[in-house]
Amino acid sequence: MGFPTNAKILTVDDMATMRKIIKSLLTQLGYTDVEEAENGKDALYKLKQNKYDLVLLDWNMPEMDGITFLQEIRKDPELKNIPVIMVTAEAKKENVLLAIQSGANNYIVKPFTAETLKEKMDKVWQQINGG
Ligand SMILES: [Mg+2]
């Protein structure tokens, strides 16, 4: 079991190429309702306009980075339960720890395959649905 294919997903990354790659991986997995934001500030704005089922979040971004965005939404009663998978080039233990402490549901290291993405998404789905 995992996110239904009609799930609304927001991919947040400052690099257009990366957003395109993630979007294409999601398409391969059957997810077509995918929107993009280029930094935390932009993502925060989008989250307030629309209901999303999952956020795929880059770490390093201008304006507002991934960790700050994550801490902001976890403090917000309206947004705090949105599942977030942190997507980053850094696999350092302290980074993973900080992401988890800040409220990330899971963590994925770039570059990754559609299969890995699906695995992480399934884990998050199980986590939020008490599996
Ligand atoms: Mg970045």
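This section describes the sheet, the helices that lie across it and the nonpolar core of a predicted model.

The sheet is open and is formed by 5 strands in the order E2-E1-E3-E4-E5, with parallel pairing. Its edges are strand E2 (34-37) and strand E5 (106-109), each of which pairs on one side only. Direction ignored, neighbouring strands of the sheet are turned by 20° against each other on average. Strands of a sheet pair through backbone hydrogen bonds, in either a parallel or an antiparallel arrangement. Within this sheet, strand E3 (residues 54-58) and strand E4 (residues 84-88) pair in the parallel sense over 4 bridges, and Leu-57 stands opposite Met-86 in E4.

Among the helices, H1 (residues 16-28) lies across strand E1 (9-12), E2 and E3, and runs at about 150° to E1, whereas helix H3 (residues 66-75) lies across E3 and E4 and runs at about 145° to E3. At 1.5 Å a residue, the 13 residues of H1 should span 18 Å, which agrees with the 18 Å that separates its end C-alpha atoms. The residues Arg-19, Ile-22, Leu-25 and Leu-26 of H1 are buried; seen down the axis of H1, its buried residues fall within an arc of 125°, and they therefore line one face of the helix. An α-helix has 3.6 residues a turn, so residues three or four places apart point the same way. The cover over the buried residues of H1 includes E1, E2, E3 and H5, while the face of H1 turned away from its buried side carries the exposed residues Ala-16, Thr-17, Ser-24 and Thr-27. Just after H1, Gly-30 takes a positive phi of about 100°.

For helix H5 (residues 114-128), which also contributes to the cover of H1, the 15 residues should span 21 Å at 1.5 Å a residue, and the end C-alpha atoms are 21 Å apart, in agreement with that expectation. A positive phi, of about 70°, is likewise found just after H5, at Gly-130.

In soluble globular proteins, nonpolar side chains tend to be buried together. The largest nonpolar core of the model holds 33 residues, of which Ile-9, Val-55, Leu-56, Leu-57, Val-84, Ile-85 and Met-86 touch the most other members. When residues up to four places away in sequence are not counted, Val-84 touches Val-55, Leu-57, Leu-70, Gly-103, Ala-104 and Asn-105.

Key:
Residues numbered from 1 in each chain as written. Predicted model: local features only at pLDDT ≥ 70, side-chain atom pairs only at ≥ 80, totals over all residues. Pairing = 2+ DSSP bridges. Helix = DSSP H or I, 4+ residues; strand = E, 2+ residues; numbered from the N terminus. Axes fitted to C-alpha atoms, helices over the stretch in contact; angles between N-to-C directions. Contact = placed C-beta atoms within 7 Å. Core = buried A, V, L, I, M, F, W, Y, C linked by C-beta atoms within 7 Å. Buried ≥ 20, exposed ≤ 12 C-beta atoms within 10 Å, placed from the backbone. Expected span 1.5 Å × (residues − 1). Arc of directions from axis to C-beta.
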